[in-house]
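The following paragraphs lead through one protein model, from its charged side chains to its strands and its interior. The reader is invited to keep the sequence and the coordinates in view throughout.

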Amino acid sequence: MVSNYLAEETLITTSNGLETIGSVREKLYCYAYDCIGGIAKIRIADIPSKNSISDLYELSTESGNYILMSMDSQLMSINGWRKLSDLSIGDIVLCAFEPDDIYADTISNISFVRHDAPYSMSETKYGNFLAQGFIIRAK
């Protein structure tokens, strides 16, 4: 099972605009990466759920993107899905904020931020979703 433990304040691009993962209370549409057609609009499979306390780390990139996540969370790199624990400064991840705007970005920092009860989210069609500009593997 894949974990995608993200900080409560993580922004998800939904059909209602940007919402924090901790505030989503209905099955909205969000956006996911489709390796054939780019970014696709899909329905969230389940309302995001809160998990037990975990260590959260900030991953930031050279262009200024950042996200708080657990070391077991996976995101799309230029070499496929990678756990945060398997990535290093200088590695390249794929980012997207808009459907036609997928780009490679270089990791500039990975550092511990806090212990917290993170959220996770499911998406069944493509197995991923966009969060804070990153392509995150769904649980």
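A salt bridge is taken here as a side-chain nitrogen of Lys or Arg lying within 4 Å of a carboxyl oxygen of Asp or Glu. The structure under discussion is a predicted model, and two salt bridges are counted in it by this rule. In one of them Arg-114 pairs with Asp-116, the closest N and O atoms being 2.9 Å apart. In the other, the side chain of Arg-114 meets that of Glu-9, with an N to O distance of 2.9 Å. This second pair links distant parts of the chain: Arg-114 belongs to strand β11 (residues 102–116), whereas Glu-9 lies in the segment before β1 (11–14), and the two are 105 residues apart. Glu-9, Arg-114 and Asp-116 are thus linked in a network of salt bridges.

How buried or exposed are the members of this network? Residues between 20% and 50% relative accessible area count as partly exposed. Arg-114 is partly exposed because its relative accessible area is 24%. Asp-116, with a value of 22%, is also assigned to the partly exposed class, and Glu-9 is partly exposed at 41%.

The architecture as a whole may be considered next. The protein contains 14 strands and zero helices, so that its pattern along the sequence reads β-β-β-β-β-β-β-β-β-β-β-β-β-β. Of its 139 residues, 47% are buried. The accessible surface of the protein comes to about 6600 Å², and carbon and sulfur atoms contribute 47% of that area. Among contacts with a separation of 6 or more, 57% are made by residues 24 or more positions apart. As a general point, side chains in a regular strand alternate between the two faces of the sheet.

One hairpin lies towards the end of this series. Strand β13 (residues 128–131) and strand β14 (residues 134–137) pair in the antiparallel sense over four bridges. Ala-131 stands opposite Phe-134 of β14. Two residues lie between the strands of this hairpin, and Gln-132 takes a positive phi near 55° there.

Strand β14 also figures in the surroundings of Gln-74, a residue of strand β8 (residues 74–77). Gln-74 counts as buried because its relative accessibility is 12%, below the limit of 20%. Although Gln-74 and Ile-136 are 62 residues apart in sequence, their C-alpha atoms are 6.0 Å apart in space. The side chain of Gln-74 is further joined to that of Arg-137 by a polar contact of 3.0 Å.

A final site returns to strand β11, in which Asp-105 is found. Which side chain of opposite charge is nearest to Asp-105, and how far away is it? The nearest is Arg-82, at 17 Å, and Asp-105, although buried, has no salt bridge. That distance exceeds the 4 Å cut-off, and therefore the pair does not qualify as a salt bridge. The side chain of Asp-105 does make a polar contact of 2.6 Å with the side chain of Thr-61. Leaving aside residues up to four places away in sequence, Asp-105 touches Thr-61, Glu-62, Ser-63, Asn-65, Asp-91, Ile-92, Val-93 and Cys-95. Strand β11 therefore holds both Arg-114, which takes part in the salt-bridge network, and Asp-105, which has no salt bridge.

How values were computed: Residues are numbered from 1 along each chain as its sequence is written. This is a predicted model: local features need pLDDT of at least 70, side-chain atom pairs count only at pLDDT 80 or more; totals for chains, interfaces and linings use all residues. Side-chain values use heavy atoms; hydrogens and water are left out. Buried means under 20% relative accessible area, exposed over 50%, partly exposed in between (1.4 Å probe, protein chains only). Two strands pair if DSSP finds at least two bridges between them. Contact means heavy atoms within 4.5 Å. Accessible areas come from the Shrake-Rupley method with a 1.4 Å probe; for residues, only the protein chains shown count as cover. A polar contact is a pair of N or O atoms within 3.5 Å; within protein, one must be able to donate a hydrogen and the other to accept it, and residues adjacent in sequence count only if both atoms are side-chain atoms. Lys and Arg count as positive and Asp and Glu as negative; His and the chain ends are not counted.
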